[in-house]
Amino acid sequence: MERKIDKLMSIARSGSPMSIALRKLRHDWIAVVSFLFIAIVALIAILGYLGTPDSTPFANNQHVELAACKPGFKVKMMLIRKQKEVKQRSLVGRMFLGQESAFNEISIDSVSFDGTDIIAWQYNPDVEAEPTSQRICIVNALYHLASDAAMLKSGNSVTFQLFNGEKQSSTLADLKAKFLSENIITRRFVLGTDRFGRDLLSRMIIGARVSLSVGFIAVFIALIIGIFMGSVAGFMRGWVDSFVMWLVNVAWSVPTLLMVIALTMLIGKGFWQIFIAVGLTMWVDMARVVRGQVLSVREKEYVEAATVLGFNKLRIIFKHVLPSVIGPVIIVSASNFATAILLEAGLSFLGVGVQPPMPSWGTIVRNHYGYVIMDKAYLALIPGFAIMLLVLAFNLLGNSLRDALDPKEVENR
């Protein structure tokens, strides 16, 4: 029995340090839960508009009369086809850019018919107010029209012309049945609506894409600059090291948020500008960590052997030195990911991040923080909790990576 246990223990200790670290992570439930949460949020963000109730660009379909409705609210919608051609995007185009709706949506209480006209009683959240009605031609509601040339041909038969010039005929009974089955829907707002009557769930999903995109691209920029500067400074030493550390100390002395705001003001506000601004402020941590690791690795025998053999210094750095410092780089990247998400949310809250109508969790909090003292505090708390959970997941995952990749821990196992 003891031999079997010893054999199993030897198998658990076998393998490279990275494989041992991965096995430890699989047995760390905090790391597993954090990774799964991040993966689910990332999957939802990638699918984007394919998973949103409101698939219009930026989920910006507004219904002012439905402003700040509570979660689970549902209402009947009458779909009126727009009197223009709406270009249909491919599946990939819809996933990343959304799809303009071919219909205008009108919230209603009820509808009735008067010949070829539809009389719609519009929804009014004020129950004491007198409901208003709207009269719409049933043909205009159903089809693209080249003109208003819908006419009674004989009896209950209607002839109308499409944009492509084709003429169609139908009976009023068929048009009414088609309208009631296809143009009257019930819309449910799972997380309610924001102050402009937009679906909050859709805005949150697209906002997750913004947060993760900022984190990914900012960390990527920080990796490129930080790894290059830190590795060159640590390996070359001398005046190169002094110059790089001077740059690091100068950048370190300026508060990160102030630097990001200054860069944003310099290069402008917007979606892509925030990536660059956050990325250019996060390379400092990466450079310091990489430099420290390279200083210790450059004294190893295999690095000295490569130098004696006359290999190019850049080849030694990128092929022999950097693979040995990948563990600390991964840990710092996870921490920087959380920092980037917080920075983006803070900048959007201050109004210098992504600009409307593009949704962002920070922007949603900014638009609704006044509701915290009212009975609709969830409008600000939902995106606030989303930011907190995502940042917490990255920090916990970073802590687990730090423990798993610690050389002393790996050696003891």
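Start with the whole chain on screen: among contacts in the protein between residues at least 6 apart in sequence, 67% join residues at least 24 apart. Keep in mind that this is a predicted model. Show it as a cartoon and you have 17 helices and eight strands to click through. Switch on the surface and you're looking at about 22100 Å² of exposed area, with carbon and sulfur atoms supplying 63% of it. Of the 413 residues, 42% count as buried.

**Stop one: the sheet**

Select the five strands β4, β3, β2, β1 and β8. Listed in that order, they make up an open sheet with antiparallel pairing. Which strands stand at the edges? Those are β4 (133-137) and β8 (184-189); each has a single partner strand, so one side of each is left without a neighbour in the sheet. While you have the sheet in view, turn it to follow the twist, which averages 55 degrees from one strand to the next. For background, strands of a sheet pair through backbone hydrogen bonds, either parallel or antiparallel.

Now walk across the sheet from the β8 side. Select β1, residues 73-81: six bridges join β1 to β8, and the two run antiparallel. To pin down the register, pick K74, whose bridge partner in β8 is R188.

Next, add β2, residues 103-114. Here β1 and β2 are joined by six bridges, running antiparallel. Pick M78 and look across to β2, where I106 stands opposite.

Carry on to β3, residues 117-122, which pairs with β2 in the antiparallel sense over six bridges. Zoom in on D114 and you'll find D117 of β3 opposite. The hairpin of β2 and β3 has two residues between the strands, and G115 takes a positive phi there, near 65 degrees.

**Stop two: the loop before β1**

Go back along the chain to the loop between α3 (29-47) and β1, and select T52. Is T52 buried or exposed? Its relative accessible area is 9%, which is under the 20% cut-off, so T52 is buried.

Show the side chain of T52 and check its polar company. The side chain reaches the backbone oxygen of Y49 at 3.1 Å. A polar atom of the T52 side chain also lies 3.0 Å from the backbone oxygen of D54. What else is T52 in contact with, leaving aside its neighbours within four places in sequence? Select S202, I205 and I206 to see those contacts.

Stay in this loop between α3 and β1 and move along to F58. Its phi is near 65 degrees, a positive value in a residue other than glycine. That's worth a look because most residues other than glycine have a negative phi. With a relative accessible area of 30%, F58 is partly exposed.

**Stop three: the start of α6**

Select helix α6, residues 172-182, and click on L172. L172 is buried, at a relative accessible area of 10%. Now add S157 and draw a distance between the two C-alpha atoms: L172 and S157 are 15 residues apart along the chain, yet these atoms are separated by 6.2 Å.

**Stop four: between α7 and α8**

Jump to R237, in the loop between α7 (200-236) and α8 (238-253). R237 is another residue other than glycine with a positive phi, this one near 60 degrees. At 39% relative accessibility, R237 counts as partly exposed.

**Stop five: α14 and what follows**

Finish with helix α14, residues 326-350. How far apart should the ends of its 25 residues be? At 1.5 Å a residue, α14 should span 36 Å, and its end C-alpha atoms are 35 Å apart, which agrees. Step off the end of α14 and you reach G351, where phi is positive, near 90 degrees.

Then follow the loop between α14 and α15 (361-368) as far as P357. Show the backbone atoms here: a cis peptide bond joins P356 and P357, with omega about 5 degrees. As general background, most peptide bonds are trans.

Conventions: Residues numbered from 1 in each chain as written. Predicted model: local features only at pLDDT ≥ 70, side-chain atom pairs only at ≥ 80, totals over all residues. Heavy atoms only, no water. Helix = DSSP H or I, 4+ residues; strand = E, 2+ residues; numbered from the N terminus. Expected span 1.5 Å × (residues − 1). Buried < 20%, exposed > 50% of the residue type's maximum accessible area, 1.4 Å probe, protein only. Contact = heavy atoms within 4.5 Å. Areas by Shrake-Rupley, 256 points an atom, 1.4 Å probe, with all protein chains shown as cover. Pairing = 2+ DSSP bridges. Axes fitted to C-alpha atoms, helices over the stretch in contact; angles between N-to-C directions. Polar contact = N/O pair within 3.5 Å; in protein donor to acceptor, adjacent residues only side chain to side chain.
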